[in-house]
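Visitor: Can you walk me through this one? Quick answers are fine.

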Amino acid sequence: MKLFCCIILGAFMVMSASCSHNSKETRRMQTVKIDTVFSVEGQTPLQFPGKVKAAQDVNLSFRVSGTIGKICVEDGARVRKGQLLAQLDPTDYRIQLEATEAEYQQVKAEAERVMALYKDNGTTPNANDKAVYGLKQITAKYQHHKDQLEYTNLYAPFDGFVQKHLFDEHETVGAGMPVISMISQGAPEVEINLPAAEYIRRTQFTRYHATFDIYPGKFYPLECISITPKANANQLYSMRLRIVQDGKPSPSPGMNTMVTVFCSAGDMHSLSVSSGAVLQKNGKAAVFVYDPSKGTVRSCEVTVLRLLTNGRSVITSDALQPGELVVSSGVHHIEDGEVVKPLPPITSTNVGGLL
């Protein structure tokens, strides 16, 4: 009986070891999809969503406080540079100026009399100095009050359109409070946001164009105006581009657009792989290079330069060459040095590559 039990126990242990070995072999032989590494040469396009903005978009305000006497333009009106947009009630400032003007005339006459006497040695230098300084003081005061009266008028700083008036007639406003919003009439601009990986390559940008859904088939050339040297809260750098006027319908501020940026490859060893081949782990990017002679994979650290709209990524690595094979699907389930099984290629009799 004891011999029988020993035989049964030994057979069970052998079967358990065999199952465990088969389980490990099954776990190690992961089926993965393989892709080829391509070299990136010449110019490559980048695409970023953007928004059209007016070249100038300002909120205009009076330089003095007062009650609005008249709004001279309606919302949406086209205006010319120097055109009167709004007026404050000038009564208080006019009375102030008239009082100062009377004082100015009196002080000026007295100062001129003293200075004439001084030329004829009829008064002291001290009296002449007081007359000169007094005249300068009242002249400055008089000019200031003249300016304040002029500041009750609000003029258009450039050719453009009135976006909106923010106050109505008979309302009281303080100095510097926005009263009228206005946009310029000139060539509109486009603003896009660049990630850091593209910002550092900005010197390689060669040309730009924009497309709009409402203008199908039309390409709008762009000129770079500026790129902010500091990233915003989202770690993006704002880039402003001017739309080149070439007879096409002009897009309006607020429209959405897609901006294509062409850039040279530069001196970097740029490669193209499927975006699914890049594994992000512990803040670093890597791909698994497949060795067909051994059936194993090795981890290769890379730097991701940018993502393309066709589902591929542009990377750079000194340890990777064009023509090598990398795992493009299943990278999260394999480890460095592991033996893998490539997914069979798709054929007319193997639709989907599952057989």
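Guide: One term to begin with: contact means heavy atoms within 4.5 Å. Leaving aside its neighbours within four places in sequence, Pro-157 is in contact with Leu-60, Lys-81 and Met-182.

Visitor: What sort of model is this, and how are residues numbered?

Guide: The model is predicted: local features need pLDDT of at least 70 and side-chain atom pairs count only at pLDDT 80 or more, while totals for chains, interfaces and linings use all residues. Numbering starts from 1 along each chain as its sequence is written, and side-chain values use heavy atoms, with hydrogens and water left out.

Visitor: Back to Pro-157. Where does it lie?

Guide: Pro-157 sits in the loop between β8 and β9 (160–165). Strands here are DSSP E runs of at least two residues; helices are H or I runs of at least four; both are numbered from the N terminus.

Visitor: Is Pro-157 buried or exposed?

Guide: In between. Pro-157 is partly exposed, at 37% relative accessible area. Buried means under 20%, exposed over 50%, partly exposed in between, with a 1.4 Å probe and protein chains only.

Visitor: How far is its C-alpha from that of Val-58?

Guide: The separation is 9.5 Å, for two residues 99 apart along the chain.

Visitor: Which strands make up the open sheet with β8?

Guide: The order is β8-β7-β5-β10, with antiparallel pairing. Strands pair if DSSP finds at least two bridges between them. β8 (153–155) and β10 (172–173) are the edge strands, each with a single partner, so one side of each has no neighbour in the sheet. β7 and β8 are joined by three bridges. Ala-86 faces Leu-154 in β8.

Visitor: And what is the order in the open sheet with β9?

Guide: β4-β11-β9-β6, four strands, again antiparallel. β4 (57–61) and β6 (78–79) take the edges there. β6 and β9 share two bridges, and Arg-78 has Phe-161 as its partner in β9.

Visitor: Switching topic. How many residues are in the largest nonpolar core?

Guide: 29, and Leu-85 and Ile-180 have the most contacts inside it. A nonpolar core is a set of buried Ala, Val, Leu, Ile, Met, Phe, Trp, Tyr and Cys residues joined through side-chain atoms within 4.5 Å. The elements that each supply at least two of its residues include α2 (91–119), α3 (125–150) and β11 (178–184). A second, separate core has 21 residues, among them Leu-46 and Cys-263.

Visitor: What does Ile-180 touch beyond its sequence neighbours?

Guide: Its contacts more than four places away include Val-58, Leu-85, Ala-86 and Leu-154.

Visitor: Why is β19 called largely enclosed?

Guide: Six of the eight residues of β19 (284–291) are buried, so the rest of the structure largely encloses it. β19 pairs antiparallel with β18 (279–281) over three bridges, with β20 (296–307) over seven and with β22 (325–329) over two.

Visitor: Which turn residue has a positive phi in the β19 and β20 hairpin?

Guide: Gly-295, at about 75°, in a turn with four residues between the strands. In the β18 and β19 hairpin, Asn-282 has a phi of about 55°.

Visitor: How many cavities of 30 Å³ or more does a search find?

Guide: One. A cavity is a set of points on a 1 Å grid over the protein atoms alone where a 1.4 Å probe fits but cannot get out; lining residues have an atom within 4 Å of a point. Points join across faces, edges and corners, and the volume is the space filled by probe spheres set on them. The lining includes Tyr-220, Ile-243 and Pro-251.

How values were computed. 1 Å grid on protein atoms, 1.4 Å probe; cavity = no way out; pocket = protein on both sides within 12 Å on 5 of 7 lines; lining within 4 Å.
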